[in-house]
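Trainee: I am new to this structure and would like to understand how its descriptions are justified. Could we go through them one at a time?

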Amino acid sequence: MSNQNGSGSDRKFKVVGTRPIRHDGLDKVTGRANYGADLALPGMLQGAILRSPHAHARIKKLDVSKALAMPGVKAIVTSADFPEIGSGGMAAGESHIDPKDLQANIMARGKVLYHGHAVAAVAASTIEQAREACKMITVDYEVLKPVMTLAQALAKDAPILHEGRKAVGVPPLPEGDTNIMMRLANAKGDVDAAFKGADVVVEGWYEASMAHQGYIEPHATVVTTRENGQAEIWCSTQGPFAVKSMVAVTLQMDPNLIRVTPSEIGGGFGGKTTIYLEPVAVLLSRKARRPVKMVMSREEVFRATGPTSGTRIWAKLGVKKDGSFVAADTRMEFEAGGFAGSPMGAASMTLYAAYNIPNFRFEGLDIVVNRPKVAAYRAPGAPNAAYALETAIDELAQKLAIDPIDLRLKNAVKEGDVASYGPKYDRIGFIECLQAAKNHPQYKAPLGKNQGRGVGAGFWFNVGLQSSATVSINDDGSAVVRTGNPDIGGSRASMAITVAEELGIPVERVRPLVGDTDTVGYCDLTGGSRVTYATGMAVIEASKNVIEHLRARAATIWGCEVDAVEWRDGQAVGTNGASNNKPLSLADIAKQMAHTGGPIIASASVNPPAAGPGFGVHLCDIEVDPETGRSTVLRYLVVQDAGKAVHPSYVEGQFQGGAAQGIGWALWEEYLFDKDGKMENPGFLDYRMPVASDLPMIDTVVVEVPNPLHPYGVRGVGETPIVPPLATVGNAVSRAIGVRMHQLPMTPPRVLDAIETKKG
Amino acid sequence: MAKVVFTGGLRTLVGAESIELEAARVVDLVAALYARYPALEGKLEGATVAIDGTLHHDARYQRLLPTSEVHFLAPIAGG
Amino acid sequence: MAKIQVQTTINGETFDYLCDGQQSLLSVLRDELGLTGTKEGCSTGDCGACSITLDGQLVPSCLVLAAEAQGREIGTVEGVSSATGLHPIQQKFLEHAALQCGVCTPGLIVATRALLLKNPNPTEAEARYYLAGNLCRCTGYDKIIKAVLDAAASMRGESA
Ligand code: FES
Ligand code: FES
């Protein structure tokens, strides 16, 4: 690990940038921390879901009467128990969701759209009883031909998932029934003419498989309902306020009746920004008049939650001999799963964002297939897009015999350049990242036989959105900070560091808490790399407001004007006229709170602009065994602009974790379906996520080019790290075997195939 | 006058790459755009709005300078 | 179905419980005895979140029948720290920031304890292979492996 400063923000930090032990760590290393499935309430029932055995079918009849008579069964819920709702957008934290689709994904209405789609739910005294009862529910299906691939979905005579639903977006749009839910397109300059003037052009199809977020904790919830209609929801989520609004809309409830308490969260990566179980548990609890717990099995997690889109992207990129990009053209096809809404929009905006390309064009299609409805996954859409573009760049570098980092440096965006998605960049750190990667010892390490080095880069916007925070002072001079963002990877520590920095007290004297939807002000969800940035800003503001109180209290004690009191290094210091007073520490003032006006507490809320772009550059050294086709990652480096690392260990952790997920997606992870559309690998044994012995140490360089939008210069860091690895790893494999591969994951059989083709 | 730059589908609807409009705030700008281009009606709700390079998730009451350059982008999500 | 009565020792304490013939030890630990520190990530033996020791052997408790625990010694994460404080493995996990969401952490701590009892001085590769049954999706394992090797050093009385 090393830190590289861009021209730094001139503030000298005392606590920001240190590595204290996280406040919630003790409970997490001792097993005391309570995750979604860890809560048990008196009288609690267990819920289970009956899921579709077909990928595409019409539900003709559903009969629960036998199941209701089974021992221990207290309630059964089907789509008939959900209110009918109309279509229309709803802001659900970060993304727009059609509430009708959201509801139909939670409980199939009329049609099942993927193998594993929920069709009914049972609450019983024990989980075994609930599962047995599910088996006794009879469903009469009219089985339809499943649409499993993009090619099948686009075929002329393709079965249609959503009859009567029209494509939206940029014309020309398909007429009549279609599996294309949205088309986006944009262009700049004269692309065709520019290609004619290019010296070298590469083009090809780049395919990535559908992949799951793979959080280790399955979705879980415990719900209690009351006679007055109130629902208390405990669940594992990235956004308790988002759960509240999504439950309200899917059940057409008054949101005021809903309180959501986030449990500790065992990973999310975007996959816990939406809901699956909560409204079902509310309905079961209402019917049974008992608390209901629902926990997914791993198989259910794979079959019915997440994943992210598999994609087919055709890309064409042209350059001059000197390496300057002249034109790019792309067509992106994204699997949305059973309902509209892949991250194709974000992909289209990130696609060209890292480079200056004078002429470009893209077309993006959001396509429904009989696979699980995709959910957000870390920089949604961007890794797929970057896989295509960054591979094409690598091919050009080889054709031009130019160093791949130099080629990127020649075209990289910098402050003042116009982003491909429209506006101008403020301060960004892409060039700094490229240079840091180039100067890193790994870039010079010699490569042996069957080894290859891949380079890849990535961009993500990072988001801002709404946050609030409350800071209160205890009478011993310690502080409590409360926010509404579940701590998914050390954010409590960042919040405490921020308060400690502002108030000038040791970080151990700050207790960071995550509240429920009734005890804290509104916070958008933990996602979009926004918590340390946006919620951190709210915490800074709240701390500053506390300092105003502290100055006023000191003035009361000293009998002077507030203006004569300054807050410096954790104490009130008297100036003009009051300077003969001995400075008062936070503890001194806290001791006198009762005499000076009562408790000291302050809140703040923000809705800052998007968080400032994050760029990353990865290096991967791989050895491929030519006999087996197996790839071994020898060395891996992540370089990324963090703006300012508040707790560097957790920033590095985000870099390493995102890289590992990307390596898995590039080499091993994929959804496999049989011909009927049944997922063949819904478990960790066959859906191969990286294990400890698959990976080397993952080196990191934290570049710090301060973000002008944040008082400390912070940029979001959580998502960018998964953008470069697909291409980085793919480029390494392709260079190691001496033949270009265009399909992920690069499993041993595919690599062997590629080697065979080369031999001819 | 603020300059509004259109890309993608919005450009198709407006039929121009950019236009100049008098507006003190984004909300006024949007109203003026809807009035001038009925086909745009409703299409700018929920957009991420870039004003002079800074992306706003909710820009409704953001003030505009006569020199401001405004882009309407798709809402930006994340994981 | 008749319940089976089991007497066992968990973290040095004697426990009696009734279980079904098919019930997993994980389910008894979590749902009957309230020992929810042991996590469930898959229930098929593939994630290691439910790692415990049975007579000193590292096993996934989701694959052990509760009835099999009769007369055996079970070690769970709840028994790793002591009245005098955290175990060095726990301390090193904290110092190295070897957890993000933390749901894999109890399993990894139990597994690491089993590893270091067997092999007090593992190489990086040995640690990686021993812990290959414990999935972590957040960290990329880098900081976990560093914490494990540092804990080993500190337990050997060396400072890393
Ligand atoms: S829950 Fe036992 S190994 Fe995953
Ligand atoms: S820290 Fe989240 S799974 Fe390991």
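Mentor: Let us begin with the pairing of chains, keeping in mind that this is a predicted model. Chain C and chain A bury about 3800 Å² between them, and 59% of that area lies on carbon and sulfur atoms.

Trainee: What makes the figure for chain C and chain A a buried area?

Mentor: Buried area is the accessible area that two parts lose on being put together, summed over both, so the about 3800 Å² belongs to chain C and chain A jointly. The contact itself draws 50 residues from chain A and 43 residues from chain C.

Trainee: Why is the pairing of K39(C) with D38(A) called a salt bridge?

Mentor: The closest N and O atoms of K39(C) and D38(A) are 2.4 Å apart, and the cut-off for a side-chain nitrogen of Lys and a carboxyl oxygen of Asp is 4 Å, so the pair qualifies. The count between chain C and chain A is 4 salt bridges, and across this interface there are also 25 residue pairs in polar contact, with both residues at pLDDT 80 or more.

Trainee: Which helices of chain C each supply at least two residues of the side that touches chain A?

Mentor: They are helix 2 (88-95), helix 3 (105-118), helix 4 (124-130) and helix 5 (142-155) of chain C, and helix 2 gives the most, with 5 residues. By residue type, that side of chain C divides into 20 nonpolar, 11 polar and 12 charged.

Trainee: Turning to chain A, where do domain 2 and domain 3 lie in the domain assignment?

Mentor: The assignment gives domain 2 as 45-145 + 213-304 and domain 3 as 467-606. Their C-alpha centres lie 40 Å apart.

Trainee: How do you know that R259(A) and D518(A) form a salt bridge?

Mentor: The N to O value for their side chains is 3.9 Å, and since the rule asks for an Arg nitrogen within 4 Å of an Asp carboxyl oxygen, R259(A) and D518(A) meet it. The count between domain 2 and domain 3 of chain A is 3 salt bridges, together with 4 residue pairs in polar contact.

Trainee: What supplies the largest share of the side of domain 2 that touches domain 3 in chain A?

Mentor: Strand 15 of chain A does, with 5 residues, and the whole of that side of domain 2 divides into 8 nonpolar, 8 polar and 4 charged residues. The area buried between domain 2 and domain 3 of chain A is about 1500 Å², with 60% from carbon and sulfur atoms.

Terms used: Residues numbered from 1 in each chain as written. Chains lettered and ligands numbered in written order. Predicted model: local features only at pLDDT ≥ 70, side-chain atom pairs only at ≥ 80, totals over all residues. Heavy atoms only, no water. Contact = heavy atoms within 4.5 Å. Buried area = accessible area lost by both parts, 1.4 Å probe. Polar contact = N/O pair within 3.5 Å; in protein donor to acceptor, adjacent residues only side chain to side chain. Helix = DSSP H or I, 4+ residues; strand = E, 2+ residues; numbered from the N terminus. Nonpolar A, V, L, I, M, F, W, Y, C, P; charged D, E, K, R; others polar. Domains from an automatic or database assignment.
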